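Here is a walk through one protein chain, written for someone who would rather look at side chains than at statistics. Keep the structure open while you read.

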Amino acid sequence: MACNDELYTLEADLKNKSLRELTDGAEKDPITKLRLLCLSRGATGILGLGRAFRAMDDDGSKALNEEEFITGIHDTGLDVTDDEIREMFKTFDEDGSGSINMTEFLLKLRPKMSQSRISIINQAFDKMDKDGDNVITIQDLKNVYSVKENPLFRSGERTEDEILTEFLHNFEGGRGNLDGKITREEFENYYATISASIDHDGYFDLMMRRAYAMS
């Protein structure tokens, strides 16, 4: 299903490029710094930031106030002042309500994509999401992905469920809840980061079609 070697190479190139740009000494606005920091942590960097912020959402409002935002940015290790963080908050708080919708925040933070890239990502997600509930689970994957040719399955080292769970964890990163359930937002954020390392829409489209066997 997936061109893993290709994705790993693209991700490694993106991490190295973003880290170089982040530390090159050139003056950058705080939002650009935050985006580069996330990209330097790989395809799940933005997802990890989203999870860290959501962990602070005690009331389930899916929104952050200024104090929570300042704490969250400090926790990332980003080299910015409190005044710079407040300016970032004002930028994201477009309606001046005193809070930031986390979904909108992550959409603005992730690298921009053309509509054609967004479309092919959603096609891939829809192909796997067999029951149409906007969440990909192991059961969904069993309907579209056979592990019979996987060397680890054939040798008996891994079960079908273990291999499929590992595939799902690719989109969750090395930390977080690792619940084995991938939302459309997580899937889009993952490929938005991969997209940042690919210059041409045609190549991105080809990569996605090959990875998910789409005609």
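## Starting at Glu160

Glu160 has its place in helix α10. This is a predicted model, so please read everything below with that in mind. Is Glu160 buried, exposed or partly exposed? It counts as partly exposed, because its relative accessibility is 28%. If you skip residues up to four places away in sequence, Glu160 touches Lys142, Val147 and Phe153. Take Lys142 from that set: Glu160 and Lys142 are 18 residues apart in sequence, and their C-alpha atoms are 8.7 Å apart in space.

## Two domains and what lies between them

Zooming out, the domain assignment of the protein chain gives domain 1 (1-109) and domain 2 (115-212). The C-alpha centres of domain 1 and domain 2 lie 22 Å apart. Domain 1 puts 20 residues into the contact, and domain 2 puts in 26 residues.

How much area is buried between domain 1 and domain 2? About 2,100 Å², with carbon and sulfur atoms giving 60% of that area. As for charges, the count between domain 1 and domain 2 is zero salt bridges. Polar contacts tell a similar story: across the interface of domain 1 and domain 2, zero residue pairs are found in polar contact, with both residues required to be at pLDDT 80 or more.

On the side of domain 1 that touches domain 2, α1, α3 (45-54) and α6 (102-109) each supply at least two residues. Of the elements on that side, α1 gives the most, with six residues.

## The nonpolar cores

Now for the greasy parts. In soluble globular proteins, nonpolar side chains tend to be buried together. Here the largest nonpolar core has 31 residues, and those with the most contacts inside it are Phe187, Tyr191, Ile194, Met207, Met208 and Tyr212. Two or more residues of this core come from each of α1 (4-22), α7 (115-128), α10 (160-169), α11 (184-195) and α12 (201-211). Where does this core lie with respect to domain 1 and domain 2? It lies between them, because domain 1 (1-109) and domain 2 (115-212) both give residues to it.

Tyr191 is a good residue to click on. Leaving aside its neighbours within four places in sequence, Tyr191 is in contact with Leu7, Met113, Ile121, Phe171, Phe204, Met207, Met208 and Tyr212. There is also a second, separate core, with 23 residues that include Leu34, Leu64, Phe69 and Val80.

## Salt bridges

How many salt bridges are there in the model? The count comes to eleven. Among them are these three:

| Salt bridge | Closest N to O distance |
|---|---|
| Arg86 and Asp83 | 3.2 Å |
| Asp126 and Arg184 | 2.7 Å |
| Arg158 and Glu166 | 2.5 Å |

The Arg86 and Asp83 pair sits within one element: both residues lie in helix α5 (residues 82-92), three residues apart, which is about one turn of the helix. Arg86 counts as partly exposed because its relative accessibility is 30%, whereas Asp83 counts as exposed because its relative accessibility is 55%.

Asp126 forms a salt bridge with Arg184. That pair links distant parts of the chain, with Asp126 in helix α7 and Arg184 in helix α11, 58 residues apart. Asp126 is partly exposed, with a relative accessible area of 43%, and Arg184 is partly exposed too, at 21%.

In the third pair, Arg158 is partly exposed, with a relative accessible area of 31%. Its partner Glu166 counts as partly exposed at 41% relative accessibility. Beyond single pairs, salt bridges that share partners join Glu66, Asp83 and Arg86 into one network.

## Two backbone oddities

Most residues other than glycine have a negative phi. Asn134 goes the other way, with a positive phi near 65 degrees. Asn134 lies in the loop between α7 and β3 (135-136), and it counts as partly exposed because its relative accessibility is 39%.

Ala213 also has a positive phi, of about 50 degrees, although it is not a glycine. Look for Ala213 in the segment after α12. Is Ala213 buried or exposed? It counts as exposed, because its relative accessibility of 60% is over the 50% cut-off.

Conventions: Residues are numbered from 1 along each chain as its sequence is written. This is a predicted model: local features need pLDDT of at least 70, side-chain atom pairs count only at pLDDT 80 or more; totals for chains, interfaces and linings use all residues. Side-chain values use heavy atoms; hydrogens and water are left out. A nonpolar core is a set of buried Ala, Val, Leu, Ile, Met, Phe, Trp, Tyr and Cys residues joined through side-chain atoms within 4.5 Å. Buried means under 20% relative accessible area, exposed over 50%, partly exposed in between (1.4 Å probe, protein chains only). Helices (H or I, at least four residues) and strands (E, at least two) are DSSP runs, numbered from the N terminus. Domain bounds come from an automatic or database domain assignment. Contact means heavy atoms within 4.5 Å. Buried area is the accessible area (1.4 Å probe) that two parts lose on being put together, summed over both. A salt bridge is a side-chain nitrogen of Lys or Arg within 4 Å of a carboxyl oxygen of Asp or Glu. A polar contact is a pair of N or O atoms within 3.5 Å; within protein, one must be able to donate a hydrogen and the other to accept it, and residues adjacent in sequence count only if both atoms are side-chain atoms.
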